[in-house]
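Hi,

Here is the model I promised to pass on. Have a look at it first, and then read on for what turned up.

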Amino acid sequence: MTGGVNSFQVSGYGPERSGWTRLLARDSVARRLDWPILLSATALSLLGTLLVYSATRNRTELNQGDPYYFLVRHLLNTGIGLALMAGTIWLGHRGLRTAVPVLYGFSVLLILLVLTPLGSTINGAHSWIKLPGGFSLQPSEFVKVTIILGMAMLLSARVDAGDRQYPDHRTVMQALGLAAVPMAIVMLMPDLGSVMVMVIIVLGVLLASGASNRWVFGLLGAGAAGAITVWQLGVLDDYQIARFAAFANPELDPAGVGYNTNQARIAIGSGGLTGSGLFHGSQTTGQFVPEQQTDFVFTVAGEELGFLGGGLIILLLGVVLWRACRIARETTDLYGTVVAAGIVAWFAFQTFENVGMTLGIMPVTGLPLPFVSYGGSSMFAVWIAVGLLQSIRVQRPMSA
Amino acid sequence: MTNIPETGRNTRVQIRLVVIQVLVLSLLLTLGGRLWYLQIREGAAYAKEASGNHVQQVVQPAVRGSILDARGVALADNETRLVVSASRTDLLKMKDDGKEVLTKLARVLGMTPKEVMLKVRLCDAKTPQPCWNGSPYQPIPITDEATAKQALQIRERAEDFPGITAEPQAVRRYPSPGKANAAQVLGYLSPVTDEEIKEAQDTDSPFLRSDQVGRSGLERQYDKQLRGKAGVTRYEVDNLGRVIGQAEADPTHPGDNLVTSIDARVQRIAEYQLNEAMKEARKQHDRNTGTNYKADSGAVVVMEAKTGRVVAMASNPDYDPNAWVGGISAKDYARLTGKSSNYPLLNRAIQGQSAPGSIFKVIPTAAAVNAGYPFDGPYECSSSYSIGGQVFKNFESKGYGPISLGRALEVSCDTVFYRLSHEEWKRDGGTKPKKKANDWFYRTAHQFGLGKETGIDLPNEVTGRVPDRQWKLNYWKANKDAWCRTGKRDGSYAERIAYENCLEGNRMRAGDSVNYSIGQGDTLVTPIQMATIYGAISNGGTMYTPSVGKAVISADGKTVTPIKPRAHGKLPMTRKTRDEIDEALAGVATRGTAAWRFGGWPQDKIPMHAKTGTAEVYGKQTTSWFATYTKDYSIVMTISQGGTGSGASGPAVRNIYNALYGVSEDGEIDSKKALLPTPQKALPKVKTDGTIATPKIAKDPAKDQQAKKKDPNAPADPLQPATSAPPSPENRDTRRRRRRRGSRRLPT
């Protein structure tokens, strides 16, 4: 773990150090890891395990008769996620830099596959690839990572090389083109939620890269114009429009589109300060909230753990985001800064959108809550992102 | 990595990163704030909504209690009927709003499609009956008279009849035992409205969507006791309605039974006799109007004199209360409430008010004694009494010379009361009253309980009216604008009256006090008020609050809550005055105005007391009043536009007494035939299984009584008993008409 990549480790001088000593050394990877992020993310994943279990233990039509089906899988996903994080740290974000074109190409290929008959539709979005053994893959989650890496690579190349202070227009256009391709494909699925996340990621990346203000505001304007055009042209499916209508007025159709929002809000509202106790929520036990183990997992926390539990989840995600912001600011290479900022934009928006929709302040879209929601692809992607953050922190200069 | 510049960071990126950090922080704070708002500030409301979400209630409706007569005969009970109902919510989901299904249903039920459609529409301000005034979420009954075959057809072809159910249900029934109808006393039910549900939500007797609520009569007065309490079982369920939690159940409390003091047999006879009297009156010629009497409505009250309990209360026209059961049809509703219906829903015994005429005279008699005039007098019963050129005549201008107050009651001498009332009016200051006017005649009327409700346990009783100075002033204030606009000095009669009223309607005039003294003018009373007063004279002076309910007995018979007689005052007269009036009223029945109706009555065994009255109503025929009592009962009958007191109501009241005491036309008492020689004391027994020990009741007690009279030994004509004297001017009752100018002409 500690070998090779750490440029500050000096070998061949002094006595050979034991494993423990090396681990506790000031310059060791273990010491330099961002523990608040690691612990918060782990706590969120474990909390998620309980919430997912609570939401699914009675749903026999989902859990195939085994109440622990989702619990075991969520734990397994978390384990794989931790391993992916470790692998990412080992490879290092800089080490991965050379592999970025390959990763990017591979992820775009995967989302293209979704559009072929290999893909399958879940909840109106054609964004999954069914794998043998009951597993399924949602490639758009990984595209979020490769867009960040790809854009960061392009935008920071000349700056990190010391050639320029800011990325030039040509580079920015290349970076935007790189993001636009997968976004267009995801739009076709259609997976509006993921596209929205990617737009925010692109914005975050551009901001952090130091690209000219004209690009940032231009992109914002283009986004607004695009939204209006999409609305006017009727590109959106009926269900997507209905979701927005239901968001604007949840009483519109309490049995139909507004049902999710209403039931979610009732579940959370009824939690009060301390909640009804884990596994004792009547809304959860009665399965009144659809998709409660994935997109609406926050309602379980809200009902059964109350304001304290829901607040804790927001707080833990806040710790992750706060530390990630610090990592972005403290690293010295633009590549690391841009990657971290992209991840911050991703996590922040996804958190705000997911929790916000359960609280009725955002329209309903199919986005998972990082670490907490059930879903392998999402879990793997966010843990890879944590790996990238750790790598950026580990590899920054000691003096920083 | 030596190519990383140590200064590395340019400020633009740093500033933007701080902006991002602040943005992220504010987003998280927004989430936290919103979470606080939902869970802490609005938490209670959402918790309530959540419990409503996942708790399903299964309701077992309570069976409504029966209304029993004094002996336990059911006047209102329940029967199981096949009820076909339609769910509006299901019908509205269909493309044609269920028209096709309803048309098919109409064919099966043998109704027209229109009839069925009208039944399922919702009532609002603009929609006339028939319509559904219950909850739109509750199945709407279309018929409760489905045959087993029709029900089978509907149930076997359920796919053809979506939203339609055919199920046996407990339905209210008014069985009319012995043909006793008592419709207005019993009242009727109709479905509970949304407003009522909301209002009763937090009380200890909330309504169910499917509840029927008493709308009038006893059904309304005792609704809470009769309704009982529905059992509710609460299950915790999931989103598909599967039970996931334990159930908690409130048991069903069936409604209590109400025992009334009504005797179904006497009720039937009272109704029958009232109707017969009205039929007979319509055959009589009215010399004033030149047509037969219209006898458009009437009422009779039979009351226990010593308790105020009502043994029978009839109001004519009546109706069949079963018309309301299962939703009323358009035709029935028009017949009951339309302009041409004569309003059979009114209980005229407590809601009909008119001038009492001479049966009022017991009140000025007591007033005169209280004012200091000796009972024995003598007072001049002249043929007429004049005030400043205005002449008020005694009946048929007949004079009796100086007589006592008792004799004045007996012969119904008007001029005696004119004089006394006028004297008191003058003593009080005339048109310019003293500050502390005695107003004996008006004060006494109030003390007799007139001008306010008797407090009977039936809803919407009216007060009647004592036209005292205060009332005159209030009435004038309310009407003077109209009077002054329409009044003309030389116009028609009505215009002249309006003119006069405009000028001085606020003042008590001499003529007002004179007319008032004989129960004319603006005086209004109800039959129940008069029955209370005459009952009080009978029992020695205690005014009992009339009551119909006698006891409330739980469905298992274990809890019996008697409703005790309540007194609401004493008559304003001394024992001695009472006795003197009592004697005078006995004289009315033996030698006075009612004597020809009580020919052959066993006066020595059952002392009879009576007073007749014939009241003038402007623009209408005279109102007949007949007030009577024995030591056990008081009976008051009135017939609007029915002619004279004894003429129209006399035989009917006599026949009711005959039935009560088992008296035959020739005055013999057969205790075996007596229906109720003394009031019923014991309460009927309700067994623990809910059954009631019910005595047998003849198919029609009134017909039986008539049949007895057809006996060859009995006199041929029951209305004209052989022993009675023919009507003569002396013992016919008084009748008065208001005349203001010139001499008072008699109507006959």
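A quick word on counting before anything else: helices here are DSSP runs of H or I with at least four residues, strands are runs of E with at least two, and both are numbered from the N terminus. Also, keep in mind that this is a predicted model.

**The two chains**

On that count, chain B has 24 helices and 23 strands. Chain A comes out at 17 helices and three strands. Of the 748 residues in chain B, 46% are buried; for chain A, with 400 residues, the figure is 52%. As for contacts between residues at least 6 apart in sequence, 72% of those in chain B link residues at least 24 apart. In chain A, 70% of the contacts with a separation of 6 or more are between residues 24 or more positions apart.

**Where they touch**

The contact draws on 44 residues of chain A and 38 residues of chain B. On the chain A side, at least two residues each come from helix 10 (192-209), helix 13 (258-269), helix 14 (282-285), helix 15 (297-330) and helix 16 (334-358). Helix 15 of chain A gives the largest share, 11 residues. By type, the chain A side splits into 19 nonpolar, 22 polar and three charged residues.

**Two helices in chain A**

Helix 8 of chain A covers residues 139-160, so to speak a 22-residue run, and spans 30 Å from first C-alpha to last, close to the 32 Å expected at 1.5 Å a residue. There is a kink in helix 8 of chain A all the same, about 30° and centred on L154(A). Most of helix 8 of chain A is covered, with 20 of its 22 residues buried. After helix 8 of chain A comes G162(A), which has a positive phi near 85°.

Helix 9 of chain A (residues 169-188) has 20 residues and reaches 28 Å between its end C-alphas, close to the expected 28 Å. Its buried residues are T171(A), V172(A), A175(A), L178(A), A179(A), P182(A), M183(A), I185(A) and V186(A). What covers the buried residues of helix 9 of chain A? The cover includes helix 7 (100-115), helix 8, helix 10 and helix 11 (213-233) of chain A.

**A sheet in chain B**

Over in chain B there is an open sheet of five strands, in the order 12-11-23-22-21, with antiparallel pairing. Strand 12 (310-316) and strand 21 (609-615) of chain B are at the edges with a single partner strand each, so one side of each has no neighbour in the sheet. From one strand to the next, the twist averages 5°.

Strand 23 of chain B is worth a click. Strand 11 (residues 297-304) and strand 23 (residues 633-640) of chain B run antiparallel and are joined by eight bridges. Along that pairing, V301(B) sits opposite V636(B), and A299(B) sits opposite T638(B). With strand 22 (residues 623-629) of chain B, strand 23 of chain B pairs in the antiparallel sense over six bridges; here S624(B) has I639(B) as its bridge partner. Strand 22 and strand 23 of chain B make a hairpin, with three residues between them.

Is strand 23 of chain B covered on one face or on both? On both: Y633(B), I635(B), M637(B) and I639(B) are buried on one side, and S634(B), V636(B), T638(B) and S640(B) are buried on the other. That is eight of its eight residues buried.

Helix 11 of chain B (residues 264-283) lies across strand 11, strand 12 and strand 23 of chain B, and runs at about 35° to strand 12 of chain B.

**One residue to zoom in on**

Try V302(B), which is in strand 11 of chain B. V302(B) counts as buried because 29 other C-beta atoms lie within 10 Å, and the cut-off for buried is 20 or more. Setting aside neighbours within four places in sequence, V302(B) is in contact with V266(B), A270(B), V311(B), A312(B), Y633(B), I635(B) and I656(B). V302(B) and G535(B) are 233 residues apart in sequence, with 9.8 Å between their C-alpha atoms.

Cheers

Key:
Residues are numbered from 1 along each chain as its sequence is written. Chains are lettered from A and ligands numbered from 1 in the order in which they are written. This is a predicted model: local features need pLDDT of at least 70, side-chain atom pairs count only at pLDDT 80 or more; totals for chains, interfaces and linings use all residues. Two residues are in contact if their C-beta atoms, placed from the backbone, lie within 7 Å. Ala, Val, Leu, Ile, Met, Phe, Trp, Tyr, Cys and Pro count as nonpolar, Asp, Glu, Lys and Arg as charged, and the others, Gly among them, as polar. The expected span of a helix is 1.5 Å times one less than its number of residues. The bend at a residue is the angle between axes fitted to the seven residues ending there and the seven starting there. A residue is buried if 20 or more other C-beta atoms lie within 10 Å of its own, exposed if 12 or fewer, and partly exposed in between; C-beta atoms are placed from the backbone. Two strands pair if DSSP finds at least two bridges between them. Axes are lines fitted to C-alpha atoms, for helices over the stretch in contact, and angles run from 0 to 180 degrees between N-to-C directions.
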